[in-house]
Amino acid sequence: MKGSIPVAIEVRNIVKKFGAFAALDGVDLKVANGELLALLGPSGSGKTTLLRIIAGLDWPDSGEVTFDGEDALARGAGERGVGFVFQHYALFRHMTVFENVAFGLRVQPRAVRKDEARIRARVKELLDLVQLDWLADRYPSQLSGGQRQRIALARALAIEPRILLLDEPFGALDAKVRKELRQWLRALHSEINMTSIFVTHDQEEALEVANRVVVMDKGRIEQIGTPGEVYDHPATAFVHGFIGESIVLPVDVTDGGVRLGGKALDLAVNGASAGASRLFVRRHDMQVGPPGSGALQGAVQRVRTFGPIQRAEVALSADKTVIEIDAPRDRELRAGDIVGLQPRRYRIFAARD
Amino acid sequence: MTFEMSLQPIRTAGPDEAASALPLYAAREDLRTEPGPIRFVIIAIAVMFITVFVVLPLVVVFAQAFSKGIGAYFSALSDPEALSAIRLTLWVAVISVSLNLVFGLVAAWAIAKFDFRGKTLLISLIDLPFSVSPVIAGLVFVLLFGAQGYWGPWLQSHNVHVLFAVPGITLATVFVTFPFVARALIPLMQEQGTQEEEAAISLGASGLQTFFRVTLPNIKWGVLYGVLLCNARAMGEFGAVSVVSGHIRGETNTMPLQVEILYNEYQFVAAFAIASLLAMLALITLVAKTILERHLDEGQHSRGD
């Protein structure tokens, strides 16, 4: 595995329709060599379709895919040098773990096929890599979900792929195993340094594991950035709402300022265009102060505490909406308190976005 | 549900209360099922029905076949006409099972792994031979290949014999047996989906390698199951074959046809001797079917996550 040179992937203007439904609607993406990239989005956003097109398991209606400048669409899935890990593992159920991992080596054309001793050595090496060498003689049905996932990965790596693609790699696992495998995948990636893309609908997973995150919705890319960028500087209303917990308030933007429920708020417009809009604030970016302070006023209805924070439900006096805010516990809040709220950071997006 | 509920009182009772409650439960009638006499009657009806309509006829077949002794039995079977019927039946079964194996695999593959227009129609058409009377199936071939049929004159002028010959018998048998393999495989392949095949392809396997190393091993028990039922029907088919065979002795009589002819001629021992072979085929099929179903079930269970 050492010595294989990472590949850069470029996707240009990919369109893929299933009947009238556009799964991908003009997608452009560049993946640098050696990168660990997450495709993040809700179900139906087109992320898995994009992954399958890169792998050669689906074909786009139009657009281009290149690996290091070479046209990948001219090659079939088996000739692209892509290791694919399926969401439900897709292990060969009638073969042992050993034979599953050896499969890619055994089906090679005779001219390049390794001899039996070298195949055995290679499979052993891979099973050591995923720390499951002791399971070689078992069948997939005898393994736990986490073990199957790692065997699926070992099988994909057996063919010495140039690119590793993972479809919802931790989707079917329970929370604890998931956390372990995340760290393990990160460690593995830094060890083998292979260009890797994984699909997930779990923002925490994407932000924690990937170098860069691609946020997708309805067949389009909403934003590409590092985990910090997509969280701190969401490019669209969708990204702000999808990543992290946000308070969303329907507001009107006029020349003079921002209005909520007909009342003017003491907030800068920040360049948002006039018209019906939505104000996005992270829960923990809402600063709690004494009554009369801040842009918003409200009455605390309920308070729950989670470790270092207290989560309060506050009914806003402007339009009676109830919002949830996260406040530090330095000043205990109580139901019935009247508080002033000031967004430390906020974004205003037009309502139609 | 009922099981849970009946246990509830014991579970919730305190330790000493439970001890006194237990004998009470044991003494009482088990309310989850019917009273003993009714159960007995239901089981007795089922057993009697099977005995009268299945076991008894089977016993009669063998009793009649051996009624004149073992010598008569074997001489009936070694009669040239009987041997010819056995040969023809085996021959027709081999051809039609092979054809239907290929057809069934292709049809199941198409239906389970691709989406295309007219798929529902294809699925219903596969079942047609089950719903159409075999005699009609035979007549269709007479209409197509008979002397007054569509292709009959052309075939005759080229000296090709379909009707009243082996090709006609085989065609009729293929027609009535073609759903078996496809029917056994379609649900199996639909359930298995295409992920393992996709995995094989992405690992560099060719189409043939994928089929022989991944698809076929996954469906092998289903294939054997379909072949077994297909074979049983192919050897036992009477109606369709009777229409197209022409009943030429020693040439176009299959075993079921030979049984009928001998019976009509009052040669009961000979008729039942051949019938006993068919009955044995049925018994072997039954045992094999049970074994295969066990394998299919196991496959099903080992699949779950």
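**Salt bridges, sheet and cores of chain A**

Q: Is A:Glu204 partly exposed or buried, by relative accessible area?
A: A:Glu204 is partly exposed, because its relative accessible area is 42%, and buried would require under 20%. Please note that this is a predicted model.

Q: Which residue forms a salt bridge with A:Glu204?
A: The partner is A:Lys179, and the closest N and O atoms of the two are 3.6 Å apart.

Q: Where do the two residues lie?
A: A:Lys179 belongs to helix α5 of chain A and A:Glu204 to helix α6 (residues 203-209), so the salt bridge ties together parts that are 25 residues apart in sequence. A:Lys179 is partly exposed as well, with a relative accessible area of 42%.

Q: And what do A:Glu180 and A:Lys176 form?
A: Their side chains meet in a salt bridge, at 3.3 Å from N to O. Both residues are in helix α5 (residues 175-192) of chain A, 4 residues apart, which is about one turn of the helix. A:Lys176 is exposed at 61%, whereas A:Glu180 is partly exposed at 44%.

Q: What about A:Glu324, which residue is its salt bridge partner?
A: A:Glu324 pairs with A:Arg283, with 2.7 Å between the closest N and O atoms. The first residue lies in strand β18 (residues 322-328) and the second in the loop between β14 (275-282) and β15 (286-289), so parts 41 residues apart in sequence are tied together. A:Arg283 counts as buried, at 12% relative accessibility.

Q: Which residues do salt bridges that share partners join into one network?
A: The network comprises A:Arg178, A:Lys179, A:Arg182, A:Asp202, A:Glu204, A:Glu205 and A:Glu208. Over all chains, the structure holds 40 salt bridges.

Q: Changing topic: in what order do the strands of the open sheet run?
A: The 6 strands follow the order β6-β7-β8-β3-β9-β10 in chain A, with mixed pairing. β6 (82-85) and β10 (220-225) are the edge strands, each pairing on one side only. From one strand to the next, the twist averages 15°.

Q: Do β6 and β7 pair in the parallel or antiparallel sense?
A: They pair in the parallel sense, over 4 bridges. A:Gly83 stands opposite A:Leu164, a residue of β7.

Q: How many residues has the largest nonpolar core?
A: That core has 49 residues, and A:Val123 and A:Leu164 are among those with the most contacts inside it. Helix α4 (residues 145-158) gives the most to this core, with 7 residues. Another core, of 41 residues, lies apart from it and includes A:Leu50 and A:Val82.

Conventions: Residues numbered from 1 in each chain as written. Chains lettered and ligands numbered in written order. Predicted model: local features only at pLDDT ≥ 70, side-chain atom pairs only at ≥ 80, totals over all residues. Heavy atoms only, no water. Pairing = 2+ DSSP bridges. Axes fitted to C-alpha atoms, helices over the stretch in contact; angles between N-to-C directions. Core = buried A, V, L, I, M, F, W, Y, C linked by side-chain atoms within 4.5 Å. Buried < 20%, exposed > 50% of the residue type's maximum accessible area, 1.4 Å probe, protein only. Salt bridge = Lys/Arg side-chain N within 4 Å of Asp/Glu carboxyl O.
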